[in-house]
Amino acid sequence: HFQPVPIGVPGELFIGGDGLARGYWNRPELTAQKFAAFTGGERLYRTGDKVRYRAEGTIEFLGRMDNQVKIRGFRIELEEIQAVLQQHPLVDQAVLLTRTDAQQEKSLAAYIVPKPGSDLSPASLRSYLEEKLPRYMIPSSFSLLPHLPLNPNGKVDKAALLASNVDTAPIETYIAPRDEVEGVLQNIWEEALCKKPIGVHDNFFDLGGHSLLAVRLFAQIEKRMAKKIPLSLLFKSPTIAGIASALQEDMPIETDACLIEIQPKGTRPPLFWLHTLGGGGGGGVLRYQKLSQLLGPDQPSYGLVAPAEPFAKMEAMAAHYIKAMRKIQPVGPYHLGGYCFGGVVAFEMAQQLHAHGEKIGLLALLDSAPANISLKNTEKTTNVLSSFSRRLSRILHQSPSEMLAMLKRKSKKLERKFFFLFNKNSRAEARTPLDEIIDMSSYPPDYKRYAEVHWRALTDYYPKLFPGKITLFQTGISTSNLNPEAIWKNLAAGLEVKNVSGSHEKMLDEPTVQSLANELQKCLGHGGRNDAKADPATP
């Protein structure tokens with residue numbers, strides 16, 4: 001937006017002054033592109049370098065603006081992957097570019113010059129990168145070259161590389177089913193994902209798979225193969241080959257585990273995500289998969305899911321999940337988060353942890369609010385009175401301020417009566433059967449069973465005042481009449497609100513999940529790495 005950024009915030013480096021050139025010789029289009037006129041007529045040259053000012057006044061170079069690309073919703077720094085490739089002992093030079101196929105799909109392409117006499121292969125490079133980078137940063141193809149083409153200025157000729165017909169070695173090629181089990185699974189996957197052909201090593205999430213599709217897919221596996229496996233298996237084995245291997249193993253598969261590894265690697269304090277409504281067997285935390293990837297390879301993420309017999313009380317549910325969480329992290333500070341229903345579970349866990357003297361590092365609620373709001377447990381009633389006075393003013397044709405003043409003059413008896421009616425109506429709405437709110441006809445039986453129990457737990461739960469801080473991430477486009485910000489403001493000692501892109505239903509999906517990841521990284525203190533990856537188009 002051509003606005004100066006504060007100290008520590010990444011931006012593009014513009015250079016001006018008496019020594020600035022007038023432009024490019026006989027290249028007016030390039031001159032117009034690279035030389036910008038600012039307010040007051042000052043002309044500056046945009047370098048394309050991404051930098052930031054440090055506190056002591058020096059400028060830190062972070063990379064090139066033109067080396068940041070977006071593939072399948074992920075912001076990727078080509079130089080970061082290139083730097084990792086350069087660390088390989090058998091790599092002499094490496095260049096990363098993006099290719100576009102006939103369907104206008106972008107992919108990463110690596111061009112490698114091996115060291116003389118070395119025996120380098122795409123397979124070994126892939127294995128090397130998988131140990132250091134998340135999956136979405138792994139190139140789709142490798143080209144092994146004797147040397148890199150250069151332009152007259154001695155720089156790598158990227159256009160020549162893209163235009164060349166060098167043989168590329170794809171990281172993943174189509175591999176057909178190798179036995180009957182993989183063949184049956186391929187049919188199930190192709191029906192669920194509406195794509196053909198799907199190879200046995202194709203990744204479920206890369207193919208567009210999401211939580212509801214996963215629930216339906218595993219329901220078909222159970223129906224057609226007469227064997228039940230947990231949805232959490234998709235995090236470890238998101239391929240047909242991986243699922244087939246699990247089905248063919250004789251060893252028993254644990255289906256009642258509450259703790260799921262979403263992304264277990266990294267040195268930062270782990271994030272624990274609470275399952276959504278109906279989240280049993282791993283399905284309730286699949287929605288966090290994309291968000292966990294965007295938080296980076298150094299941020300561990302775990303999911304907490306409902307056991308085979310879900311709890312009908314929020315307090316018992318939270319206590320059970322705390323025990324499972326402490327197997328990974330015995331003591332705090334804890335980082336908890338949850339989307340929608342999961343946020344209420346995370347809130348109750350934070351209450352219990354605080355009561356036992358544990359610290360809460362982050363309580364992240366994603367467009368979440370309790371169904372029952374017991375106003376007798378809150379200290380602030382002005383917002384409720386103001387809302388009620390606005391409604392009365394429309395009926396009685398008086399100004400809202402006059403109505404509010406009248407309400408405040410009335411006795412406490414009237415105030416208590418109003419609160420009783422408000423709570424009674426709130427409880428009546430909350431106790432509406434779930435199938436009257438959501439059309440459950442297309443959902444698998446297991447999902448409906450979990451969802452009904454969780455809904456009962458939500459409608460029976462009356463949150464109390466939390467003495468700590470809540471961080472609320474809200475989209476502003478909600479499917480309910482609840483106002484999460486107003487509700488949590490009266491239920492916590494501190495409230496920080498982060499506005500993110502998208503709607504309630506889409507906030508964890510591409511491309512809007514990037515906005516949520518950016519804000520969450522700031523809360524986690526990821527610093528420069530987060531800033532360098534932030535989407536410039538995101539407010």
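# A guided tour of helix packing and loops

Select helices H5 and H8 to begin: H5 passes H8 in a right-handed crossing. The model on screen is a predicted one. H5 covers residues 180-193 and H8 covers residues 240-248; their axes come within 9 Å and cross at roughly 130 degrees. H5 is therefore oblique to H8, since an angle counts as roughly antiparallel over 145 degrees and as roughly perpendicular from 65 to 115.

Display the side chains where these two helices meet. On the H5 side, select Val-181, Glu-182, Leu-185, Gln-186 and Trp-189; on the H8 side, select Ile-240, Ala-241, Ile-243, Ala-244, Leu-247 and Gln-248. Coloured by class, the contact of H5 with H8 shows 8 nonpolar, 2 polar and 1 charged residues.

Next, select helices H10 and H11, which are residues 314-325 and 341-355. Their axes lie 9 Å apart, and the helices pack at an angle of about 75 degrees. This angle makes H10 roughly perpendicular to H11. In H10, the residues to show are Met-314, Glu-315, Met-317, Ala-318, Ala-319, Tyr-321, Ile-322 and Met-325. They meet Phe-341, Val-344, Val-345, Glu-348, Met-349, Gln-352 and Leu-353 in H11. By class, the contact of H10 with H11 comprises 12 nonpolar, 1 polar and 2 charged residues.

Move now to helix H2, residues 78-86, and select Leu-78, Ile-81, Val-84 and Leu-85, which are buried. Turn the view to look down the axis of H2: the buried residues fall within an arc of 130 degrees, so they line one face of the helix. In an α-helix there are 3.6 residues a turn, so residues three or four places apart point the same way.

Keep H2 visible and add helix H3, residues 122-130, where Leu-125, Tyr-128 and Leu-129 are buried. Viewed down the axis of H3, its buried residues lie within an arc of 95 degrees, so they too line one face of their helix. To see what this face packs against, select H2 together with strands E7 (91-100), E8 (106-114) and E9 (141-144).

Two loop residues come next. Select Gly-16, in the loop between strand E1 (11-15) and helix H1 (28-34). Gly-16 has a relative accessible area of 38% and is therefore partly exposed, as this class lies between 20% and 50%. Add Arg-43 and Leu-44, with which Gly-16 is in contact when its neighbours within four places in sequence are left aside. Then draw a distance from Gly-16 to Arg-46: the two are 30 residues apart in sequence, and their C-alpha atoms are 9.2 Å apart in space.

The second loop residue is Arg-287, between strand E12 (271-274) and helix H9 (289-294). Arg-287 counts as buried because its relative accessibility is 17%, and the cut-off for buried is under 20%. From the C-alpha of Arg-287 to that of Thr-276 the distance is 8.5 Å, with their positions 11 residues apart in sequence.

Finally, return to the whole chain. It contains 19 helices and 17 strands. Of its 539 residues, 46% are buried. Among contacts between residues at least 6 apart in sequence, 69% join residues at least 24 apart.

Definitions and conventions
Residues numbered from 1 in each chain as written. Predicted model: local features only at pLDDT ≥ 70, side-chain atom pairs only at ≥ 80, totals over all residues. Heavy atoms only, no water. Helix = DSSP H or I, 4+ residues; strand = E, 2+ residues; numbered from the N terminus. Buried < 20%, exposed > 50% of the residue type's maximum accessible area, 1.4 Å probe, protein only. Contact = heavy atoms within 4.5 Å. Arc of directions from axis to C-beta. Axes fitted to C-alpha atoms, helices over the stretch in contact; angles between N-to-C directions. Parallel < 35°, antiparallel > 145°, perpendicular 65-115°, else oblique. Left-handed = near helix turned anticlockwise from the far one by under 90°. Nonpolar A, V, L, I, M, F, W, Y, C, P; charged D, E, K, R; others polar.
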